[in-house]
Structure formats: structure tokens, C-alpha cells
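Notebook open, model loaded. I'm jotting down what I looked up, in the order I got to it.

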Amino acid sequence: VLGCKDDSACALDQKCENSICTALQCGCGVAQNHECQKYECCSDNECGEESKCNLNVHRCVFKSECREVVIKGDPANKHDIVFVGYGFQDYEHMKQGINLLMDFESKSQSKLGVFSLTPFKENKNKFNVWMIMAPDYKHNEMPSGYVDIMLNVPERYDYERFVRTCERDTVVVMSSQLFRSHAYWPTQDASGGTVYLSLQNPLKGPEYLGRTLAHELGHAIGGLTDEYVEYGSDDRTERFDMPNCAPDLEKAK
């Protein structure tokens, strides 16, 4: 080993000690410019109560309150769906409900769960699914237009205060209140779409709620518009130029 007079004769991760270039032992830090630069953190104990230490970047980050349902890999490489649940007493019942809606094993005989259906079934390994309860999610009462039935519709952006620390691409607000299930298209590519699913308003029986969710995910993930006819309403094919919508049967063919 060559001798040294000062640090400049040594590599940047070394220091000159007793005329010898010696590797720096930095512990919770990294050697730079002949000195140890301490990391922001190396354990959760060095962060506040609401934070934890991300050991990939050695920085304090907010703890995620989202719980795992089915995780298929690194969120950076997957499409993350977060269920925000209103009207559930505990996470066990919420997870059971999500399992019925999603059918993660694609074994449903009636093929009514999301992952029982093409194209979700063939791509289920591309999804992570999370959940978080929202006992005080805000709803707005409004008339349904049918006799004296009132709807209780989830506020569009209230989910944001629950999912701040969650890995997410698509959010599904799952509520026990009565309203018309609906969705908003993604803001960019396949990210940013939102589904609002009423557990009190199935198309047929409650077992069909998985089909309703698959339909709404087509909006929120695929950016697809509706193709069914709704009498008394505008023709969606005239209002939107969406990839799955054709103005007549011949062009659709």
C-alpha cells in the first residue's frame, strides 16, 4: 500500500491515517470526499411516530395505513388498486367482500368476479390489491328521481385523505350506501381512475357486484365509455370519442 501525506492521495472512500490510506467505516452513512456522510435514518426509531425509515433511500417516509389483500410484486411494476371501504366494522369482513368481488383465484363457477373475466383473468399477476377502511367517508344526499327514494353519493375527492400514503394507480370507493355506481376515467394513461361502487345497488343479485366492478374498472383503467343505450339521455357516441364506441352496428363490425 502506498503511503500518503494527506487525504488527497487516497480514494474518495478512504482517509489518510498514519500515512496509510484506510477505508472509511461509516455504519449508518456513506463515504464521500474522504468523510462519512450520515444517512437521514437507518431504523424506524430515528423517525417520528407517523413515519418509518425507507431503507432503500434511508429517508423517513409516512407510514402507509393501507393493508395488503393480494400483492403480486413491486408496486413500481404493478397496477395498484386500493379499496377504500365505508360501512365495514373490521378489516376481516372488508377483505372477505373484496375477495368475492375480485375472485383472485379465477375459480368462480358463475364467473362473476373481476378476475374470472377476460381480459382481467389473463393479466391478474399484473395487479396489487390493497384496502383501507374509511369510517367517516363523506356522502352527499340527493334525490334519485324515482318516487321518494334518496341516494347517498360518496364525495368525489374525499378518498384522498385516506390514501395519501398508499401505493395506488386506481382507487375503488366501496360503500354500503345506496347510489348509482360510477367511475371516472384515468387522468394519465392507466393511472388516476376512480370507481365508486354501491354495495346496495346490484344489477341483479349481490353476486353480480363483481360484474359491476369489472364494468367500472373498464372506465377507470381502460378509459372506455359505456356502450349501452340509456333512453332519455344523450347519445354517448356523439359526446365522446372513445376507443370502444361506434356510432352504429356496421361501423362496430
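**Salt bridges.** I started with D158 and R161, whose side chains meet in a salt bridge at 2.6 Å, N to O. My rule for a salt bridge is a side-chain nitrogen of Lys or Arg within 4 Å of a carboxyl oxygen of Asp or Glu. D158 is buried at a relative accessible area of 5%. The cut-offs I use are under 20% relative accessible area for buried, over 50% for exposed and partly exposed in between, with a 1.4 Å probe and protein chains only. R161 also forms a salt bridge with D136, where the closest N and O atoms are 3.3 Å apart. R161 sits in the loop between β11 and β12 and D136 in the loop between β9 and β10, so this pair ties together parts that are 25 residues apart in sequence. R161 comes out partly exposed at 34% relative accessibility, and D136 partly exposed at 44%. Shared partners join D136, D158 and R161 into one network of salt bridges. I get a count of five salt bridges by this rule. Another of them is D7 with K15, the closest N and O atoms being 3.3 Å apart; K15 is partly exposed at 29%.

**Ground rules.** Note to self: this is a predicted model, so I take local features only at pLDDT of at least 70 and side-chain atom pairs only at pLDDT 80 or more, while totals for chains, interfaces and linings use all residues. Numbering runs from 1 along each chain as its sequence is written, and side-chain values use heavy atoms, with hydrogens and water left out.

**The six-stranded sheet.** Next I traced an open sheet of six strands, in the order β7-β9-β8-β12-β14-β13 with mixed pairing. Each of β7 (67-70) and β13 (182-184) stands at an edge with a single partner strand, so one side of each has no neighbour in the sheet. On average, neighbouring strands here are turned by 20 degrees against each other, direction ignored. For the labels, helices (H or I, at least four residues) and strands (E, at least two) are DSSP runs numbered from the N terminus, and two strands pair if DSSP finds at least two bridges between them. I checked β8 (residues 79-86) against β9 (residues 127-133): they run parallel and are joined by seven bridges. F83 stands opposite M131 in β9.

**Helices on it.** Which strands does helix α1 lie across? Helix α1 (residues 91-102) lies across β7, β8, β9, β12 (170-175) and β14, at about 145 degrees to β9. Helix α2 (residues 209-220) packs on the sheet too, touching β8, β12, β13 and β14, and its direction makes about 160 degrees with that of β14. The axes are lines fitted to C-alpha atoms, for helices over the stretch in contact, with angles from 0 to 180 degrees between N-to-C directions.

**T194.** I then zoomed in on T194, in strand β14 (residues 194-198). T194 counts as buried at 5% relative accessibility. Apart from its neighbours within four places in sequence, T194 is in contact (heavy atoms within 4.5 Å) with Y159, V171, H182, A183, Y184 and A220.

**Hairpins.** Strands β3 (residues 29-32) and β4 (residues 35-38) pair antiparallel over four bridges, with C36 in β4 as the bridge partner of A31. Two residues lie between these strands, and N33 has a positive phi near 50 degrees. H34, in the loop between β3 and β4, has a positive phi near 70 degrees and is not a glycine. H34 counts as buried at 14% relative accessibility. In the other hairpin I opened, β10 and β11 run antiparallel with five bridges. E141 has N152 in β11 as its bridge partner, and among the six residues between the strands G145 takes a positive phi near 90 degrees.

**Backbone oddities.** Most residues other than glycine have a negative phi, and most peptide bonds are trans. I therefore flagged the cis bond that joins T118 and P119, with omega about 5 degrees. P119 lies in the loop between α1 and β9. S19 got a flag as well: it is not a glycine, yet its phi is positive at about 65 degrees. S19 is in the loop between β1 (14-17) and β2.

**Last look.** Q25 lies in the loop between β2 (20-23) and β3 and is exposed at 71%. I put the C-alpha atoms of Q25 and R156 at 52 Å apart, with their places 131 residues apart along the chain.
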